[in-house]
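I opened my notebook on this one to look up how its sheet, helices and cores fit together. Here is the model, followed by my entries.

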Amino acid sequence: MRIAILGKKADTVNYVKYVQTMGAIPSVTLSMGEVACCNALLLPGGGDITPAFFGEKNHGSRNIDTELDILQLQALDLAVRKGLPVLGICKGLQIINVGFGGTLTQDMELQEVTRHGYDNGDKYHSSIIVRNSWLYPLYGDKTTVNSAHHQAISKLGNGLAAVQHCPEDQCIEAITHQSLPIIGVQWHPERIDENRSGINGLKVLDYFSSLISASVQI
């Protein structure tokens, strides 16, 4: 099983290790040809998405890499056309949302950034999980997650549904596509501290693996 990680090798070390824990082969690439040869796509965390891609001017976006944004959106489109399962983490979730026509809050309110933003490490906060969602069997209806972001989903993309949110500010913490094998989390399961959160981030990868196995059988 080979999983494409659409990013740069220097920025994806944690994601490579994460994928390797499931016995899969990670393929860090910027090539659509390599993505097409893989069994699934992982869209990793990173900087902010070019606001023009969701129809806005820059109102607080930073650390933008437009070329990378284009490649990640192209990879998402390729995965959809080929029926490949997709997992988006942090920026990856936002790429999924933008790719399906959604928008982002470019700079969250100060109180929200204090709760979610990265400052000498991840922030940990409570979250609520929707019953009958893919996350519910993994973690139940309430759990603590880790955050490192100042942007968030504003309008959900077409066909997407929110399955987890922060109760304090309603920030969407996880999504699923209603008909395609596409999921995303705003938090970081690849590095979450189980001692602080009480959960194991590998469960997200286990579920992703089940989507891949199902798609291969089809």
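Before the lookups, I fix one term: I call two residues in contact when they have heavy atoms within 4.5 Å. I also keep in mind that this is a predicted model.

Entry one, a tyrosine. I asked which residues tyrosine 139 touches, leaving out those up to four places away in sequence. I found Ile129, Trp187, Ile199, Asn200, Gly201, Lys203 and Val204.

Entry two, the cores. Tyr139 turned up again in the largest nonpolar core, which has 31 residues. Tyr139 is among those with the most contacts inside this core, along with Ile3, Trp134, Leu135, Trp187 and Phe208. I then looked up where the core residues come from: S1, helix H1 (13–20), S3, S4, helix H6 (136–139), S11 and helix H8 (202–217) each supply at least two. H8 gives the most, with five residues. I also noted a second, separate core of 28 residues, which includes Leu6, Phe54, Ile95 and Ile182.

Entry three, the sheet. I traced nine strands in an open, mixed sheet, in the order S2-S1-S3-S4-S11-S10-S9-S6-S7. Strand S2 (25–29) and strand S7 (142–147) are the edges, each pairing on one side only. On average, neighbouring strands are turned by 25 degrees against each other, direction ignored. How do S1 and S2 pair, in what sense and over how many bridges? They pair in the parallel sense, over five bridges; alanine 4 has serine 27 in S2 as its bridge partner.

Entry four, helices across the sheet. Helix H3 (residues 66–82) lies across S1, S3, S4 and S11, and runs at about 150 degrees to S3. Helix H4 (residues 91–99) lies across S3, S4, S9, S10 and S11, at about 120 degrees to S4.

Technical notes
Residues are numbered from 1 along each chain as its sequence is written. This is a predicted model: local features need pLDDT of at least 70, side-chain atom pairs count only at pLDDT 80 or more; totals for chains, interfaces and linings use all residues. Side-chain values use heavy atoms; hydrogens and water are left out. Two strands pair if DSSP finds at least two bridges between them. Axes are lines fitted to C-alpha atoms, for helices over the stretch in contact, and angles run from 0 to 180 degrees between N-to-C directions. A nonpolar core is a set of buried Ala, Val, Leu, Ile, Met, Phe, Trp, Tyr and Cys residues joined through side-chain atoms within 4.5 Å. Buried means under 20% relative accessible area, exposed over 50%, partly exposed in between (1.4 Å probe, protein chains only).
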